[in-house]
Amino acid sequence: MSDLHHLFSRRNRTARPRPTTLLSILMCMMLSLPVSAAWNDSIRYHGEIGIDLAGGEHTPFWMMNNEYGLSSIKKNNGYLRLGAFHDMDTTRRFTWGAGVDLAVAARFSSVFVVQQLYGEVKYRCLNLMVGQKEMPGFVSNSELGSGNLLYSGNARPIPQVRAGIFDYADIWFTNKWVGIKGYIAYGKFTDNRWLKSWVNPDSKYTLNTLYHSKALFLRGGNRKKFPLEFEIGLEMSTQFGGDVYNYPKKGDIFKMPRGWKNWVKALIPMKGGSDTAPSDQANVEGNFLGSWNFSLGWMPADKDWSVRLYYEHFFEDHSMLWIQYPWKDGLYAVEAKFPKNRWVSEAVYEFLYTKDQSGPVYWDHTPEINEQVSGRDNYYNNYCYNGWQSWGMGIGNPLIISPIYNNHRMGFLCNRVVAHHLGLKGEPSEQVNYRLLLSHTRGWGTHGSPYNDVKSNFSMLAEVNWQPKRFKGWELGAGVAMDAGSLIGNSYGLQLKLSKTGWFLK
């Protein structure tokens, strides 16, 4: 029924509550608190209807990507979405939040979608979140950019338990010149039912996959005293556990270990034991990947303009974690916010390069040849797991085309790309704003399966939103989009959205 079914089913003894039970718990928490605490900030509600009308190969690229998975590659689709949220008041020492966000859809990967279902608390700078929640990635511009290399908001949120410092907290002895944030999370992928219905049964695929992620970021600078600000951070994720079907040959089922030791190895990457796949025994257990993130900005506190550079370096396993190989690959970007004007308020340009991947040669050292060559990183792919995807949508940057575009086989067929991306937005009036996304991508396939000829695609989205003063809380959005090229084919479409946001008991 829902995308949380496999996480909270009776078969999973480590997570007993079902979605309806968890929903009841969250609602009871909200209603059982004192009135002054529960309703002080009121309950925000959001309702939305979305319709995509398309022709050609599929729904155009920027109409379906970076939508937190609430989208469909199938042409002529639509959804109805309803949500209620208690947002945290970050000005308080102790605060809490919760959210329920459900959708029913036509021509999606599932008819009923649990998009968000979570509860969270915050004490001083410490946070705890349980459930699945839409969260933007770090460093890159989530509205105008193409998406982070590790986590972009392109796929459905993964149910998890996440703890840490979610927003920058000043380190006390630095006089507010240095801040720190980070988190540790464990969760579980929820696309079992979809995988079994979509994937070619003769191909390799994995069910019951577990999830781990962690990050640590530092920020330096004090805008009130000097406008230069920088960020540096490391974020890492792991897919582990799970049951691998048709591995190593058709009909086989390889059950990856999932005991407490394996949870520790996900946290601290180590070699797998004798009960893991051979490559895990030679390298690290699970599908281990991550990114280094850097940004440098000139952001005057007393001005309405700023400029910022950011760079993301992606890595698989240990080969590109440190400077063992040159850092050629990455997402390079410049972001500018302009002084208040009617036409362009913000612009982002990004250059994505992933052709190197530590080089085309890979060799694990053996007793006969005791040399290690750590090339052919094969971004987002893994020989055991389904790759860095959820419900067919890539969790990282969508310009590395998601498996949902494939012919019912898991994996990323083209992860060696060179792409240029431009995003613009503006507010011609107090009631009207727009967004424009333009991307051109060239793809070489993978090191193991290169294309005979270089494939390319151009994708565009032009979106306008109207928020009439007369009808407070209402928003009407319309967008046109198109794709052209051999990488994902030619498509064109129209997107319509109508939404209402308001408050209960305000």
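These exercises, each with a worked solution, cover the fold, the largest pocket, the aromatic rings and a few single residues of a predicted model.

**Exercise 1. The chain as a whole**

Find how many helices and strands the protein chain has, and what share of its residues is buried.

*Solution.*
- Begin with the secondary structure. The protein chain has seven helices and 23 strands.
- Turn to burial. Of the 506 residues, 55% are buried.
- Finish with the contacts. Take those between residues at least 6 apart in sequence: 63% of them join residues at least 24 apart.

**Exercise 2. The largest pocket**

Work out which residues lie nearest the centre of the largest pocket, which elements line it, and how its lining divides by residue type.

*Solution.*
- Start with the space. The largest pocket holds about 1300 Å³.
- Locate the centre. The lining has 48 residues, and E48, E67, Y68, R81 and E134 lie nearest the centre.
- Trace the elements. Those giving two or more residues to the lining are β1 (43-56), β2 (77-86), β4 (112-123), β19 (417-426), β20 (432-445), β21 (450-466), β22 (474-485) and β23 (491-504).
- Pick out the main contributor. β23 supplies six residues, the largest share of this lining.
- Sort by type. The lining has 20 polar, 15 charged and 13 nonpolar residues.

**Exercise 3. Two ring pairs**

Classify the ring pair F61 and W62, then the pair F351 and Y353, and state the burial of each residue.

*Solution.*
- Set the scene. The structure holds 26 aromatic pairs.
- Take F61 and W62. Their ring centres are 4.8 Å apart and their planes stand at 85 degrees, so this pair is edge-to-face. The cut-off for that class is over 60 degrees.
- Check burial against the cut-off of under 20% relative accessible area. F61 has 2% relative accessibility, so F61 is buried. W62 has 3%, so W62 is buried too.
- Take F351 and Y353. The centres are 6.4 Å apart and the planes differ by 35 degrees, which makes a tilted pair.
- Check exposure again. F351, at 23% relative accessibility, counts as partly exposed. Y353, at 25%, is likewise partly exposed.
- Widen the view. F351 and Y353 belong to a cluster linked by ring pairs, together with W292, F294, Y311, W327 and Y332.

**Exercise 4. Charges over rings**

Identify which rings lie beneath R156 and R162.

*Solution.*
- R156 places its charged end over the ring of W391, 3.9 Å from the ring centre.
- R162 lies over the face of Y183, and here the distance to the ring centre is 3.8 Å.

**Exercise 5. T95 and G445 in their strands**

Describe the surroundings of T95 and of G445: strand, burial and contacts.

*Solution.*
- Place T95. This residue is in strand β3 (residues 94-106).
- Judge its burial. T95 has 4% relative accessibility, so T95 is buried.
- List its contacts. Leaving out residues up to four places away in sequence, T95 touches M88, D89, V121 and K122.
- Look at one partner. T95 and V121 are 26 residues apart along the chain, yet their C-alpha atoms are separated by 5.9 Å.
- Place G445. Its strand is β20.
- Judge its burial. The relative accessible area of G445 is 0%, so G445 is buried.
- List its contacts on the same terms. Residues up to four places away in sequence are not counted, and G445 touches L413, C414, N415, R416, P450 and Y451.
- Add a distance. The C-alpha atoms of G445 and K355 are 9.4 Å apart, with their positions 90 residues apart in sequence.

**Exercise 6. Backbone features in loops**

Find where the cis peptide bond to P248 lies, and decide whether V139 and K176 are buried or exposed.

*Solution.*
- Begin with the peptide bond. The bond from Y247 to P248 is cis, with omega near 0 degrees. P248 is in the loop between β9 (226-245) and β10 (253-255).
- Move to V139. Its phi is positive, about 70 degrees, although V139 is not a glycine. V139 lies in the loop between β5 (126-132) and β6 (160-170). Its relative accessible area is 10%, so V139 is buried.
- End with K176. Its phi is also positive, near 65 degrees, in a residue other than glycine. The loop that holds K176 runs between β6 and β7 (178-188). With a relative accessible area of 55%, K176 is exposed.

Methods: Residues numbered from 1 in each chain as written. Predicted model: local features only at pLDDT ≥ 70, side-chain atom pairs only at ≥ 80, totals over all residues. Heavy atoms only, no water. 1 Å grid on protein atoms, 1.4 Å probe; cavity = no way out; pocket = protein on both sides within 12 Å on 5 of 7 lines; lining within 4 Å. Points joined across faces, edges and corners; volume = space filled by probe spheres on them. Helix = DSSP H or I, 4+ residues; strand = E, 2+ residues; numbered from the N terminus. Nonpolar A, V, L, I, M, F, W, Y, C, P; charged D, E, K, R; others polar. Phe/Tyr/Trp six-rings, centres within 6.5 Å; stacked < 30°, edge-to-face > 60°. Buried < 20%, exposed > 50% of the residue type's maximum accessible area, 1.4 Å probe, protein only. Lys NZ or Arg CZ within 6 Å of the ring centre and 35° of its normal. Contact = heavy atoms within 4.5 Å.
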